[in-house]
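This report describes the ligand site of a protein and the spaces left within the protein. Please keep the sequence and the structure in view while reading.

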Amino acid sequence: MKLDGQKAFITGAGQGIGEAIALKLAEYGCDVAINDVSKENAEEARGKIQAMGRRAITLLGDVADFPEAEKMVKQAVDQLGGMDILVNNAGISPKKEGRKPKIYEIEEQEWDRVMAVNLKGVFNFSKAALAFMIPKKKGRIVNIASITGKTGNSGPVGVHYVASKAGVIGMTKAMAYDVAEFGITVNAVAPGVIDSPLRKMSTPEVNEALRRAIPLGRFGTPEEVADGVLFLVSDFAKYITGETLDVTGGWGMD
Ligand SMILES: NC(=O)c1ccc[n+]([C@@H]2O[C@H](COP(=O)([O-])OP(=O)(O)OC[C@H]3O[C@@H](n4cnc5c(N)ncnc54)[C@H](O)[C@@H]3O)[C@@H](O)[C@H]2O)c1
């Protein structure tokens, strides 16, 4: 499987799952645009990709801001020479003292921020990227959702997060319908419990209870989520669109 010379844009790629996706796509031949709000992490990820002999650029900015998204996508297209793959990965999951916040503990501003980053961010970058993909009649979009968006069994995450990820899964299907006529596919990956820096926001007790509930008996790795993304952007998945691929070790299986 080779993606030689393809141009990929990954949001929230400074650490965790996003960084693993950026490294995986670079390993298989992509040039990569790394978006993040953290300059330090984005630069570090860029260094790793350049060390692999691929082109990499960083684009700092908040996915919740549409004009910023348009600007960053245009910069990526100008500097890398196109955009074949977009991975909407950036996401936040505010906690309450290391556990899930219950609905009656969530402030309106926190609800709005989670929706703005996790759901509107996907709209922002997809719309901006499609402006380049549609004329070329070519493109792959992968949205990083969450199994909790299907099961509602929220584990360590609040209702705002679950609602945003259910929205991402619904939007993935609706977008897939809208752009199918242009030969563009839109799919999602729904991770379960993944051992990324985000995980350290939960207490050890919360994490241990989660681990015991996973049929395969362990957390997933960011690289295993990246494997799912790699499949969905590869030729092996060219007839798959509107699908959500669970990467959960069996946690919350359909
Ligand atoms: N870790 C898990 O167990 C898990 C499970 C299911 C889904 N997910 C999803 O996977 C994605 C990545 O999660 P992760 O575990 O790697 O998280 P993480 O917190 O380790 O990394 C997220 C990255 O996104 C960046 N980011 C945050 N807000 C941003 C914004 N507004 N604009 C641009 N960048 C922003 C952060 O700086 C960070 O580099 C998220 O969408 C998350 O909801 C994670």
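How far is an oxygen atom of the ligand from an N or O atom in the side chain of serine 196? In this predicted model, the distance between the two atoms is 2.4 Å. The protein covers 93% of the 830 Å² of accessible area that the ligand has on its own.

**The ligand and its shell**

Two further polar contacts can be traced. At isoleucine 17, a backbone N or O atom lies 2.8 Å from an oxygen atom of the ligand. At lysine 165, an N or O atom of the side chain is 2.9 Å from an oxygen atom of the ligand.

There are 29 residues around the ligand, and those that come nearest are Ile17, Asp36, Asn89, Tyr161 and Ser196. Four elements each supply at least two residues of this shell: helix 1 (16–27), strand 2 (31–36), helix 4 (108–136) and helix 6 (159–179). Sorted by class, the shell holds 14 nonpolar, ten polar and five charged residues.

**The largest pocket**

Which space does the ligand take? The ligand occupies the largest pocket. The volume of this pocket is about 780 Å³. Its lining is formed by 41 residues, and Asn89, Ala90, Gly91, Ile92 and Leu198 are the closest to its centre. Helix 1, strand 2, helix 4 and helix 6 are the elements that give two or more residues to this lining. Helix 1 gives the most, with three residues.

**The second largest pocket and the cavity**

The second largest pocket contains about 190 Å³ of space. It is lined by 13 residues, and Gln6, Arg140, Val233, Ser234 and Asp235 lie nearest its centre.

How many cavities of 30 Å³ or more are counted? The count comes to one. The largest cavity holds about 40 Å³ of space, and its lining consists of Thr11, Val63, Asn88, Asn89, Ala90, Val117, Gly121, Val122 and Phe125. Helix 4 gives the most to this lining, with four residues. Asn89 and Ala90 thus appear in the lining of the cavity, and they are also among the residues closest to the centre of the largest pocket.

**Classes of lining residues**

The table sets out the residue classes for each space.

| Space | Nonpolar | Polar | Charged |
|---|---|---|---|
| Largest pocket | 19 residues | 16 residues | six residues |
| Second largest pocket | four residues | four residues | five residues |
| Largest cavity | five residues | four residues | no residues |

In the table, the lining of the largest cavity has no charged residues, whereas five charged residues belong to the lining of the second largest pocket.

Technical notes:
Residues numbered from 1 in each chain as written. Predicted model: local features only at pLDDT ≥ 70, side-chain atom pairs only at ≥ 80, totals over all residues. Heavy atoms only, no water. Near = heavy atom within 4 Å. Polar contact = N/O pair within 3.5 Å; in protein donor to acceptor, adjacent residues only side chain to side chain. Areas by Shrake-Rupley, 256 points an atom, 1.4 Å probe, with all protein chains shown as cover. 1 Å grid on protein atoms, 1.4 Å probe; cavity = no way out; pocket = protein on both sides within 12 Å on 5 of 7 lines; lining within 4 Å. Sits in = over half its atoms within 2 Å of the grid points. Nonpolar A, V, L, I, M, F, W, Y, C, P; charged D, E, K, R; others polar. Points joined across faces, edges and corners; volume = space filled by probe spheres on them.
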